Amino acid sequence: MSLPNHAPIPELYVSSDSAQKLKHEAAGLPSWDLTQRQICDLELLMNGGFHPLKGFLTEADYDGVVENMRLASGALWPIPVTLDVSEEFAARVEPGQDIALRDQEGVILAILSVTDRWTPDKKREAVSVFGADDIAHPAVNYLHHKAGPVYLGGPITGIQQPVHYDFKGRRDTPNELRAYFRKLGWTRVVAFQTRNPLHRAHQELTFRAAREAQANLLIHPTVGMTKPGDVDHFTRVRCYEAVLDKYPAATTHLSLLGLAMRMGGPREAMWHAIIRKNHGLTHFIVGRDHAGPGKNSQGKDFYGPYDAQELVKKHAAEIGIEVVPFKQMVYVQEKAQYFPIDEVPEGATVLDISGTELRRRLREGLEIPEWFSFPEVVQELRRTSPPRARQGFTVFFTGFSGSGKSTIANALMVKLMEMGGRPVTLLDGDVVRKHLSSELGFSKEHRDINIRRIGYVASEITKNGGIALCAPIAPYASTRRAVREMVEQYGAFLEVHVATSIEECERRDRKGLYKLAREGKIKEFTGISDPYEVPENPELRVETENVDVDNCAHQVILKLESMGLIKA
């Protein structure tokens, strides 16, 4: 008799012959190029990871999930899986129509038969699903600033899975894992979800969980989108592989899950449990602050440390998976071993290193003790996280036209080149306009496009260990935030508000632009006929009136030194 975790699970793919026919027919369909998150979602829809979903949520399913974690059918489902699109694309699509879903290179992956099209209340979604409409939460920020304003829903016809060139041998579909368990006779398997490298506390936790559940162990890290600022998945997988031999080979397996996390705390933990059940797991480890995003705008945790455990335990029987709850693991110095924090002997010395402290030690090249992590893991982390004084970074000047941004940036560039060590690139607003954005005008939309282009180039420079100095006007806070997010994936971002008053800028007015703007000959001119949103919390605010350029550039140098980006 087939065990539940061995039996195949339904997929949404058609046969290869049907797929070839659909590829040909899809040439005449409207096409939507999927975002990175949508590709992750689509893959798990097609391979059964999101069972019982048959496609992107309809409006009725979406409303049920947002309000009470239930699909319209009554089935438990805690996180909205929606296809968000632009208003322009949505206007070209009617319910009853098919659209082709393609990857970033235009390769068709699936057909969506559109049944629903609606404009969601994103504030309601944020509050109900993530607990607060607070953009300090990465999923809420994504919802408001990256996701399209219109949702399309309907069933999916899967044509082919997305192409992955990395770690192919480690990527298993739900049915591939179920077949693996069947082959090895694994009837009880506990999953360990992680988006971080494995340290010694994680090893102890997983050993204990497998022993407690009397189960085999699946290390099942997410390698889709995680929290901005997390260690990239290439580094993490190398870390996992480096310590895999610390586990008994006959009882442990490593498999990668291409899930785009939302960092949704309790709801996300329940989502993870459902996904692991679909992959053939019988037990699931839920640790402290599972899938928590950290602090909110008031500096408080978004979720309680064990809220996720309570919610998953409440629904475990309905999901069909057993929860293995764990407290935070800490190192007890006198015993030279790890204990759950609630089992620490009285009077013992507890040692722990937080994620923030680990990043500080990596950044400053400090020792990371062996009781905390494996030398192999530390070696991998140091390869991709060199001390901060050797990492790339971006300095982003913003201010009115004529405020002195370009002049200070040029002076700073010379000072940094004089120091040497890293290549320095100046992305001046006027120069970028000439070489990168010559076709753009000065509407809000075109200004946003121009600034995002600058941000993209700066992020690439930063990623490759260089220094990018950007000096556009950048009048809109949301666009500056988007650039910050692009850059901070790879290195530090220093926002410098050149706070010269509009009156002083107009007095300087070497190009005569303010005069033309006052006469109405230049439309949408920042500070005159178009707003400038003053940065609320820049890393540095520089006053230029009655201050020489060298002094202003030196202020930036001192700030870079204090951030550890250049050596004093």
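Contact here means heavy atoms within 4.5 Å, and buried means under 20% relative accessible area. With that settled, let's walk through this predicted model, beginning with helix 6.

**Helix 6 and its surroundings**

Six of the eight residues of helix 6 are buried, so the helix is largely enclosed by the rest of the structure. Those residues are Pro138, Ala139, Val140, Asn141, Tyr142 and Leu143. Their cover includes helix 2 (36–46), helix 5, strand 7 and helix 17 (477–488).

Asn141 is worth a stop of its own. Its relative accessibility is 10%, so Asn141 counts as buried. Setting aside neighbours within four places in sequence, Asn141 touches Ile135, Lys146, Arg481 and Glu485. As for Gly96, the C-alpha of that residue sits 32 Å from the C-alpha of Asn141, with the two positions 45 residues apart in sequence terms.

**Helix 5**

Now to helix 5 (residues 122–130), where Lys122, Glu125, Ala126, Val129 and Phe130 are buried. Looking down the axis of helix 5, these buried residues fall within an arc of 100 degrees, so they line one face of the helix. An α-helix has 3.6 residues a turn, so residues three or four places apart point the same way. The buried residues of helix 5 pack against helix 3 (59–68), helix 6 (138–145), strand 7 (150–158) and helix 10 (265–278).

**Helix 9 against helix 13**

Which way does helix 9 run relative to helix 13? The axes of helix 9 (residues 233–243) and helix 13 (residues 375–384) come within 9 Å and cross at roughly 160 degrees. Angles over 145 degrees count as roughly antiparallel, so that is how helix 9 runs relative to helix 13. The crossing is right-handed. Helix 9 brings Thr235, Arg238, Cys239, Ala242 and Val243 to the contact, while helix 13 brings Glu376, Val377, Glu380, Leu381, Arg383 and Thr384. Sorted by class, that makes five nonpolar, two polar and four charged residues.

**Backbone oddities**

Most residues other than glycine have a negative phi, and most peptide bonds are trans. Here are two residues with a positive phi:

| Residue | Phi | Loop | Relative accessible area |
|---|---|---|---|
| Gln214 | near 50 degrees | between helix 8 (200–213) and strand 9 (216–219) | 67%, exposed |
| Ala474 | about 50 degrees | between strand 18 (467–471) and helix 17 | 3%, buried |

There is also a cis peptide bond, joining His51 and Pro52, with omega about 15 degrees. Pro52 lies in the loop between helix 2 and strand 2 (55–56).

Terms used: Residues numbered from 1 in each chain as written. Predicted model: local features only at pLDDT ≥ 70, side-chain atom pairs only at ≥ 80, totals over all residues. Heavy atoms only, no water. Axes fitted to C-alpha atoms, helices over the stretch in contact; angles between N-to-C directions. Helix = DSSP H or I, 4+ residues; strand = E, 2+ residues; numbered from the N terminus. Parallel < 35°, antiparallel > 145°, perpendicular 65-115°, else oblique. Left-handed = near helix turned anticlockwise from the far one by under 90°. Nonpolar A, V, L, I, M, F, W, Y, C, P; charged D, E, K, R; others polar. Buried < 20%, exposed > 50% of the residue type's maximum accessible area, 1.4 Å probe, protein only. Arc of directions from axis to C-beta.
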